[in-house]
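Please read this briefing alongside the sequence and the model shown below. It goes through the folding of the chains topic by topic, with each term explained where it is first needed.

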2 protein chains.
Amino acid sequence: MALIVQKYGGTSVGTTERIQHVADKVARYRAQGHDLVVVLSAMSGETDRLLGLARDMAPRPDPRELDVLLSTGEQVTIALLCMALKERGIDARSYTGPQIPIRTDSAFNKARIQSIGGAGLRDELAGGKVLVVAGFQGVDEEDNITTLGRGGSDTTAVALAAELNASECQIFTDVDGVYTTDPRIEPRARRLSRITFEEMLEMASLGSKVLQIRSVEFAGKFNVPLRVLSTFEDGEGTLITLEEPTMEKPLISGIAFTRDEAKLTVLGVPDRPGIAAHILGPVSAANIEVDMIVQNIGQDGSTDFTFTVHRNDYERALEIVRASAGNMEAREVSGDARIVKISLVGVGMRSHAGIASKMFQILASEGINIRMISTSEIKISVVVDEKYLELGVRALHEGFGLDTVTEEA
Amino acid sequence: MALIVQKYGGTSVGTTERIQHVADKVARYRAQGHDLVVVLSAMSGETDRLLGLARDMAPRPDPRELDVLLSTGEQVTIALLCMALKERGIDARSYTGPQIPIRTDSAFNKARIQSIGGAGLRDELAGGKVLVVAGFQGVDEEDNITTLGRGGSDTTAVALAAELNASECQIFTDVDGVYTTDPRIEPRARRLSRITFEEMLEMASLGSKVLQIRSVEFAGKFNVPLRVLSTFEDGEGTLITLEEPTMEKPLISGIAFTRDEAKLTVLGVPDRPGIAAHILGPVSAANIEVDMIVQNIGQDGSTDFTFTVHRNDYERALEIVRASAGNMEAREVSGDARIVKISLVGVGMRSHAGIASKMFQILASEGINIRMISTSEIKISVVVDEKYLELGVRALHEGFGLDTVTEEA
């Protein structure tokens, strides 16, 4: 008998049959005696349909009105699920963002939650109702409808779980948990039964697109246990929590990777203060996000400076850097769009030396040349040629025993 | 420079191209210096699509949740129109029912407007904004979303016009006004430039489905001049107002008809008090609406009692009446589902005798037998065999000179 916040994503409520299936699932949890708050996304495809209508109206639709439009998607699904629950004899009630209210700032299309009016929700929960809440939306101080940006329903669920002190926030999606790596690359990838918020953040930002980064950050900040589960298969999913000191952690939790990076190198830059800012300033001014940054001191008083950007931004970034390199007497600017990044993630590596060298050794033994290295406390990333992605991921997966590790319960 | 409330129906905003067209129209009115409040329906077909989703959930969807669902239809159109208006440089702002708020009772699916929070609207109008309001929806005292029932957008428009003291409430639709009769029956039917609320009520309830009855009643009650216009063609439409004493009225404004009635007759009922209630009580208890009621006193102390119902209710009504006729010693119960009703409507007939006899004469000269007659102050209705509908309407249209009358401006 606990309070659980559940969130079902767009594919989970993508058809009326699937909403019926979600109603069955909710009914089963309810039968176990749990108090339930269910957060829903729009039916998959609906947000794109609405965006299409908006683009028929104006090339850059008014942001306030875009939120009025987009927020209808979740309003449809909450009403439909409540109908299905009532049909099963379950007392349910839908809430739009404004009805709760979920107060946000006024940054239309990407608003941030500021507070949640939880009193009414607590009363209705005490009265035995299942609450069905529209994800992704809120209302600003002047009662304008706002949306939290794509994937914001996860954030809604976590924020509600924090506000209501839920014992768990369950994110139902079309995968059954977080894996040691992408099973499409390494069929022996295993589902993790547990992972820390920090690891999840590194995994998510590196391409395991299970959860919105923002919602994981939020869950970590408020210490809301987060569980990723499949809507379509039964199972325990993956629990994302704070690291427990007593927990015997495996060294490495998973291997993340991203295919869509490109790297740029400025060779022979005079090694003097401000040079990094000089190179990267114009790049960020052009709204290009920079991922990895590496600088090596050369021998002749000059330095080599390398960074990566999203592959879509590669050509533009190259042009910008070439322009500023001229003013810096750099020897040469080169780039490569056919690279990938592979990362080991694990809180266990904090307390163990030698992970990095073992990683480099495994890659070397496969003849994979490392083009760039970057490390953080719980992550080691390398950039390698595109063609080595699969080989590298599989070698590391096996080398660190990820397909065989017995996890703690 | 006047305040005008405009309402565009579902076909007028049925596609994004049509919404662009409405934006053009609004822009033209705006350029003339008018203050504008624009009320919109859902895109045509959208309400049916949403109802289909609801029926996939439950045979009788929960009424509260049905309103949460249906209200999204208008929320989509108001956002889209505002985007299109902003794209034209017009400062516009959308309002959902709850945002205004339009307060209603809690009768989900058929709520009635109780009050309108007009202060915020007046401020925004004074600030030069075009206000775009979701029709058909409101919010009850507990902030539940409600809808006014099908066609409720007309009511929203009239209520806003009354609250804001608008100089006119313009209802844009796919017909260019109110006609003397249905042009599909009588090609020489003429558009009326003016009609009174009372006449419009009789015309509307008798089958000229241009406007919601409720909105006409409402407009009459608050004396809001109502104009029916075409979204797709330019023109003056038909203005619906109070009768002005100085106005020289034509005798007859129009000929309405309905095809979907059926009549039931109880013959030889003992003529004693309470007999009408005895016959009709069980009928209305079964939620069957009764339209015309005629009773004739017979010669042998018995009476014949006839009434009409919607054709869909015919079989059920017949069964009910047969059951109660047994307890009343009635001689016979008969019925006929192949009848139609034709009505002359006109405030002018109040002050003119002989309209009824002229009507009967015209029908007789065409060999049309009248099966039932009912009159009110501004309407005479006859029931005739189904096959005479077209002939009867055309004969009366010509006989009363409706195709030639020159109207006052």
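Two strands are said to pair if DSSP finds at least two bridges between them, and the elements themselves are DSSP runs, numbered from the N terminus, with helices being H or I runs of at least four residues and strands being E runs of at least two. In chain A, six strands form an open sheet with antiparallel pairing, in the order β14-β15-β13-β16-β18-β17. This is a predicted model, in which local features need pLDDT of at least 70 and side-chain atom pairs count only at pLDDT 80 or more, while totals for chains, interfaces and linings use all residues. Residues are numbered from 1 along each chain as its sequence is written, and chains are lettered from A and ligands numbered from 1 in the order in which they are written.

**Chain A as a whole**
- Chain A has twelve helices and 18 strands, and its C-alpha atoms fill a box of roughly 75 × 55 × 35 Å along the principal axes.
- The radius of gyration of chain A, taken over C-alpha atoms, is 24 Å, which agrees with the value near 22 Å for a compact globule of 409 residues, the globule rule being 2.2 Å times the number of residues to the power 0.38.
- Buried residues, meaning those with 20 or more other C-beta atoms within 10 Å of their own (exposed means 12 or fewer, partly exposed in between, with C-beta atoms placed from the backbone), make up 48% of the 409 residues in chain A.
- The domain assignment of chain A gives domain 1 (3-174) and domain 2 (254-399), bounds that come from an automatic or database domain assignment, and the C-alpha centres of these two domains lie 39 Å apart.

**The six-stranded sheet and its helices**
- The edge strands of the sheet are β14 (290-297) and β17 (370-376) of chain A, each of which pairs on one side only.
- Within the sheet, β13 (residues 254-270) and β15 (residues 302-310) of chain A pair in the antiparallel sense over eight bridges, with P270(A) opposite S302(A) in β15(A).
- Helix α9 (residues 275-285) of chain A lies across β13, β14 and β15 of chain A and runs at about 160 degrees to β14(A), where axes are lines fitted to C-alpha atoms, for helices over the stretch in contact, and angles run from 0 to 180 degrees between N-to-C directions.
- Helix α11 (residues 355-365) of chain A packs on the sheet, touching β16 (332-345), β17 and β18 (379-385) of chain A.

**A parallel pair in chain A**
- Strand β3 (residues 92-95) and strand β6 (residues 130-134) of chain A pair in the parallel sense over four bridges, and the bridge partner of A92(A) in β6(A) is V130(A).
- A92(A) and S94(A) point one way from β3 of chain A while R93(A) and Y95(A) point the other way, and all are buried.

**Core and chain contact**
- The largest nonpolar core has 243 residues, of which V38(A), L81(A), V38(B) and L81(B) touch the most other members; such a core is a set of buried Ala, Val, Leu, Ile, Met, Phe, Trp, Tyr and Cys residues joined through C-beta atoms within 7 Å.
- Two residues are in contact if their C-beta atoms, placed from the backbone, lie within 7 Å, and the contact between the chains takes 27 residues from chain B and 27 residues from chain A.
- On the side of chain B that touches chain A, α4(B) gives the most, with eleven residues.
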